[in-house]
Amino acid sequence: MKRLLALLTAGAGTALLSGCEKLVVLNPQGPVARSIAELINWSMLWMLLVVVVVISLFVVIVWKYREKPENEGYEPPEEHGSMILEVTWVVIPILIVIALTIPTVKALYKLEDVPAGYEDQAPLVIHVTSADWKWIFSYPEQDIETVNYVNIPAGRAVDFRLTSAGTMQSFWVPALAGQKYAMAKMENQLYVVADNPGSYLGRNTNFNGKGYAEMEFEVLSQTPKEFEEWVSEVKATAPKLSEPEYEKLLEPTHLGRKTYSNTHLEWVNHADPDSKSYTNPEMYRLDHGYPGKTFTEPDQYNAPSGDSQSSTKKDGGEQHHGH
């Protein structure tokens, strides 16, 4: 039954999204995304059932009660309704809504906690700060910071703490988790686990101005050993981030990848309601360019499925310690 359901939903998704190589949300690479995919499959099954029943009834009724030579001009007697039919078409939608509501509510509450099976290990905490048009990832335990890419260990829960330095953005890594909003002076939490080493595309899905569509980042899942080696390399070789440089970084432009051996949390946490605002409203009135690119070279890893989920941009960016 599960295999049939997966085939039906995948087929429907492919038909609806012709031209796409793969519907990423139906190919989950972690327990959080898997819960979402199961909920989507369940919903699509019920939608398919409703569509099939309604269209079948429509065809049968149109054919059975069509006008024919032997009933031409026939006027049916006046009907006062059928209690059985009216109760039926009221109860059935209620049952369908209940069948969709219960698993949806259970899944939503489940997604707010550390995924099952990973509760015995402390999650890796990563602060995510969105800015126009880039993503900044701060590792407070490791005291390092990256821009437009984030490395995580496979098989370990990651606690993303989302906020924004300015406008509201939407943080989404479709292969690993659902989307959540990043908003200034507040914090949202999103738990993510990657089953295996792989490269996954993340992006901003909130329509909030010119440039948002290219506001992408890479989530690179590494083996625990490779992750620790990467952290050690960054701490030993990456430059320090200064507050003036950070303020410059927050200006509305696209950037390549950057890496630092400290974090901006030393002087500001944008989730703090009393934190300083770093918006640059005057720059949005100018016809400024968007130099740089998010990804400057092929990903080190491919996703477990064998398909790279990277994205190549235009010239002008720079690469630091991403691979």
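**Exercise 1. In which sense do strand 1 and strand 5 pair, and over how many bridges?**

Solution. The model under study is a predicted one.

Step 1. Locate the two elements: strand 1 covers residues 124-131, and strand 5 covers residues 158-164.

Step 2. Recall the general rule. Strands of a sheet pair through backbone hydrogen bonds, in either a parallel or an antiparallel sense.

Step 3. Apply the rule to this pair. Strand 1 and strand 5 are parallel, with seven bridges between them. Within the pairing, isoleucine 126 stands opposite phenylalanine 160 of strand 5.

Step 4. Consider strand 8 (residues 188-192), which runs antiparallel to strand 5 and is joined to it by five bridges. Here the bridge partner of phenylalanine 160 is leucine 190.

Step 5. Examine the cover of strand 5. Six of its seven residues are buried, and the strand is thus described as mostly covered.

**Exercise 2. Determine the strand order of the open sheet of five strands, and identify its edge strands.**

Solution.

Step 1. The order of the strands is 4-10-9-6-7, and the pairing is mixed.

Step 2. The edges are formed by strand 4 (149-153) and strand 7 (180-182), each of which pairs on one side only.

Step 3. From one strand to the next, the twist averages 30°.

Step 4. Take one pair inside this order. Strand 6 (residues 169-172) and strand 9 (residues 198-204) are antiparallel and share two bridges. Phenylalanine 171 has asparagine 204 in strand 9 as its bridge partner.

**Exercise 3. Compare the expected span of helix 4 with the distance between its end C-alpha atoms, and establish where its buried residues lie.**

Solution.

Step 1. Helix 4 comprises residues 224-237. At 1.5 Å a residue, its 14 residues should span 20 Å; the end C-alpha atoms are 20 Å apart, so the two values agree.

Step 2. The buried residues in helix 4 are Phe227, Trp230, Val231 and Val234. Viewed down the helix axis, the buried residues fall within an arc of 100°, and therefore they line one face of the helix.

Step 3. Turn to the face directed away from the buried side: Lys225 and Ala236 are exposed there.

Step 4. Identify the cover. The buried residues of helix 4 are covered by elements including strand 2 (134-139), strand 3 (144-147) and strand 11 (258-260), together with strands 1, 4 and 10.

Step 5. Describe the placement. Helix 4 lies across strand 4 and strand 10 (216-222), and runs at about 135° to strand 4.

**Exercise 4. Classify leucine 100 as buried, partly exposed or exposed, and describe its surroundings.**

Solution.

Step 1. Leucine 100 belongs to helix 3 (residues 83-111).

Step 2. A residue is buried under 20% relative accessible area and exposed over 50%. Leucine 100 has a relative accessibility of 26%, and therefore counts as partly exposed.

Step 3. When neighbours within four places in sequence are left aside, leucine 100 is in contact with Trp42, Ser43 and Trp46.

Step 4. Leucine 100 and tryptophan 46 are separated by 54 residues in sequence, while their C-alpha atoms are 8.1 Å apart in space.

**Exercise 5. What part of the chain counts as buried, and what area does the chain expose?**

Solution.

Step 1. The chain contains five helices and eleven strands.

Step 2. Of its 323 residues, 41% count as buried.

Step 3. The exposed area of the chain is about 17,900 Å², of which carbon and sulfur atoms supply 61%.

Step 4. Among contacts with a separation of 6 or more, 71% involve residues 24 or more positions apart.

How values were computed:
Residues numbered from 1 in each chain as written. Predicted model: local features only at pLDDT ≥ 70, side-chain atom pairs only at ≥ 80, totals over all residues. Heavy atoms only, no water. Pairing = 2+ DSSP bridges. Helix = DSSP H or I, 4+ residues; strand = E, 2+ residues; numbered from the N terminus. Axes fitted to C-alpha atoms, helices over the stretch in contact; angles between N-to-C directions. Contact = heavy atoms within 4.5 Å. Expected span 1.5 Å × (residues − 1). Buried < 20%, exposed > 50% of the residue type's maximum accessible area, 1.4 Å probe, protein only. Arc of directions from axis to C-beta. Areas by Shrake-Rupley, 256 points an atom, 1.4 Å probe, with all protein chains shown as cover.
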